[in-house]
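Me: I'm new to reading protein models. Could you walk me through this one and tell me how each label is earned?

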Amino acid sequence: MAATAAGCQHYVRKCLLKAPCCEKFYVCRLCHDDEENHKLDRFQVREVKCAVCDAVQQAQQACRRCGVTFSEYYCDICHLYDKNKKQFHCQPCGICRIGPREKFFHCEKCNLCLANDLLGKHKCLENVSRQDCPVCMEDIHTSRIGAHVMPCGHLLHKTCFELMCRNGEYRCPLCMRSALNMEEYWEERDVEIAQSPMPPEFNSRKVKILCNDCQNRCTVDFHILGMKCSSCGSYNTSQD
């Protein structure tokens, strides 16, 4: 498979990887996975072919024959070739991350690199990134798409979270906890309910509810527009 001077749609590079699984040359592991019925293990790559002079050689950053630099960034562990995005290899994660390194920390419990502004401010879930995104069902840990950390601690691809918000979904697909600050929306719901009294036959009807946000159970007045948690004020509730 031929490489262009710029590489492929996924990476900027001037070489092709030799897939140890099928002995074929591909610009990158993603190009390989799109064509084959198996996945390329990037860590097992041993040889590359120069896209300029076609020399097959040991994986390295520059061609031993013509001297061309294959990419601005190269990792000898992941065999990642790409333009410089201030990448760094995180040993605990086992892969390269887009940096710069000083803006991230590795959470040992989550087993994931997170932005420094989340240090001490996120809910830890053990090995949370080793799960697939609950929206697209694709891998999160090795994805080229960044992860969005929700208040509950679960992860989504950033693009999937944005799509979820555009579609009016405000709850985590896994635990149903609110993924956004809903205070203003709850206040609007208060006004709507105050302006929409229930028929007399429902005035004294009580129901038991479970709050998805604080997990408390309580008994409240029934209303078709929503039932408010008496503990935290959320309308993200379900009849228990």
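Reply: Sure, starting with domains: their bounds come from an automatic or database domain assignment. Here that assignment gives domain 1 (7-82), domain 2 (89-167) and domain 3 (182-239). The centres of domain 2 and domain 3, taken over C-alpha atoms, are 33 Å apart. A word on ground rules: this is a predicted model, where local features need pLDDT of at least 70, side-chain atom pairs count only at pLDDT 80 or more, and totals for chains, interfaces and linings use all residues. Residues are numbered from 1 along each chain as its sequence is written, and side-chain values use heavy atoms, with hydrogens and water left out.

Me: What makes β13 and β14 a pair of strands?

Reply: Strands are DSSP runs (E, at least two residues; helices are H or I, at least four), numbered from the N terminus. Two strands pair if DSSP finds at least two bridges between them. Strands β13 (residues 206-211) and β14 (residues 217-221) are joined by 5 bridges and run antiparallel, so they pass that test. Lys208, for instance, sits opposite Thr219 in β14.

Me: How do you know that β13 pairs with β15 too?

Reply: Count again: 3 bridges link β13 to β15 (residues 237-239), also antiparallel. Leu210 faces Ser238 in β15.

Me: Why are β2 and β4 called edge strands?

Reply: Look at the open sheet of 4 strands, in the order β2-β1-β3-β4 with antiparallel pairing. Both β2 (25-26) and β4 (56-58) pair on one side only, and that is what the edge label says. For β4, the partner is β3 (residues 47-50), over 3 antiparallel bridges. Within that pairing, Val48 has Gln57 as its bridge partner in β4.

Me: What makes the phi of Lys86 worth pointing out?

Reply: Most residues other than glycine have a negative phi, and most peptide bonds are trans. Lys86 has a positive phi near 60 degrees, and its place is the loop between β6 (80-82) and β7 (88-90). Gln215 also takes a positive phi, near 70 degrees, in the hairpin of β13 and β14, which has 5 residues between the strands.

Me: Which kind of peptide bond joins Gly99 and Pro100, cis or trans?

Reply: Cis, with omega at about 10 degrees. Pro100 lies in the loop between β8 (95-97) and β9 (104-107).

Me: And where is Glu187 found?

Reply: Glu187 is in helix α3 (residues 183-194).
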